[in-house]
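Here is a briefing on one structure, grouped by topic. Look at the cysteines first, then the sheet, the helices and the cores.

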Amino acid sequence: MENKKQLTPKETSEPESYYFELQASWGLTKHMGGLNATRELIGLCHIDRDSYVLDVGCGVGITACYLAKEYGCKVVGVDLSEMMVKRSRERAKRKNVEERVEFKIGDAQDLPFRDGVFDAVICESVVAFPKDKQKVISEYARVTKPGGMWG
Ligand SMILES: C[S@@+](CC[C@H](N)C(=O)[O-])C[C@H]1O[C@@H](n2cnc3c(N)ncnc32)[C@H](O)[C@@H]1O
């Protein structure tokens with residue numbers, strides 16, 4: 001039987017976590033390529049209004065809220081940081097997309113979802129941070145529906 005080790009936030013992303021807390025307090029997270037890169041990723045993952053999407057390491061929820069607002073799809077954002085999740089929920093309220101987007105605390109290395117749930121799993125500027133990158137990739141594959149996309 002697989003011996004599944006539970007990772008604590010402390011084991012996953014230090015010392016970056018201090019920087020992320022600062023970013024969360026500013027209410028701002030970014031990734032390389034900005035909105036153009038996000039649009040390209042959305043296209044490559046074939047996301048449309050019928051998609052159920054997971055955004056891993058969602059930061060302050062910019063992409064998740066953008067997807068819910070502009071594409072009308074249902075989105076779940078997860079992030080290791082409680083403060084990022086709080087900021088994301090505030091953003092969803094401000095953008096009026098609370099019905100289509102939800103946020104959870106979660107670790108990319110041990111995603112809190114059943115197998116094969118999402119049509120698309122996306123992440124932007126996240127994989128560099130967790131220690132076990134192979135586990136991150138296998139988690140993306142695990143929670144994606146057969147025939148779904150992740151990237
Ligand atoms: C550079 S920010 C990018 C945020 C967002 N994707 C964006 O593009 O604006 C990296 C994010 O990954 C989150 N993160 C780092 N390690 C993580 C992990 N193991 N699981 C989930 N989120 C993680 C951080 O808390 C932070 O919000």
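This predicted model contains zero disulfides. The rule asks for two cysteine sulfur atoms within 2.5 Å. C58 does not meet it: the nearest cysteine sulfur, that of C65, is 8.8 Å away. C123 is in no disulfide either, with the sulfur of C45 the nearest at 9.5 Å.

**Cysteine surroundings**

- C58 is buried, because its relative accessible area is 6% and the cut-off for buried is under 20%.
- C123 also counts as buried, at 13% relative accessibility.
- C123 belongs to a nonpolar core of 15 residues, described below.

**Sheet**

- Five strands form an open sheet with parallel pairing.
- Their order across the sheet is β3-β2-β1-β4-β5.
- Why do β3 (101-105) and β5 (144-150) each have one side without a neighbour in the sheet? They stand at the edges, so each has a single partner strand.
- From one strand to the next, the twist averages 25 degrees.
- Strands β1 (residues 52-56) and β4 (residues 118-123) run parallel and are joined by four bridges.
- Within that pairing, L54 has V121 of β4 as its bridge partner.

**Helix α5 against the sheet**

- Helix α5 (residues 82-94) lies across β2 (74-79) and β3.
- Relative to β3, α5 runs at about 170 degrees.

**Helix α3: two faces**

- Which residues of α3 (residues 34-44) are buried? They are T38, L41 and I42.
- These three sit on the same side of α3, because they cover an arc of only 100 degrees around the axis.
- An α-helix has 3.6 residues a turn, so residues three or four places apart point the same way.
- N36, E40 and L44 are exposed, on the face of α3 turned away from its buried side.
- The cover over the buried residues of α3 includes α4 (62-71) and β4.
- Just after α3, H46 has a positive phi of about 55 degrees.

**Nonpolar cores**

- In soluble globular proteins, nonpolar side chains tend to be buried together.
- The largest nonpolar core here has 20 residues.
- Which residues have the most contacts inside this core? They are I47, V53, L67, V75, V101, F103 and I122.
- At least two residues of this core come from each of α3, α4, α5, β3 and β4.
- Helix α4 gives the largest share, five residues.
- I122 touches L41, C45, I47, V53, L54, D55, V56, T63, L67 and G151, leaving aside residues up to four places away in sequence.
- One of these contacts, L41, is among the buried residues of α3.
- Another contact of I122 is L54, the bridge partner of V121.
- A second, separate core has 15 residues, including V78, C123, Y140 and V143.

**W26 in helix α2**

- W26 lies in helix α2 (residues 16-26).
- Is W26 buried or exposed? W26 counts as exposed, because its relative accessibility is 54% and the cut-off for exposed is over 50%.
- W26 and V53 are 27 residues apart along the chain, and their C-alpha atoms are separated by 26 Å.
- V53 is one of the residues with the most contacts inside the largest core.

Note on methods. Residues numbered from 1 in each chain as written. Predicted model: local features only at pLDDT ≥ 70, side-chain atom pairs only at ≥ 80, totals over all residues. Heavy atoms only, no water. Buried < 20%, exposed > 50% of the residue type's maximum accessible area, 1.4 Å probe, protein only. Pairing = 2+ DSSP bridges. Axes fitted to C-alpha atoms, helices over the stretch in contact; angles between N-to-C directions. Contact = heavy atoms within 4.5 Å. Arc of directions from axis to C-beta. Core = buried A, V, L, I, M, F, W, Y, C linked by side-chain atoms within 4.5 Å.
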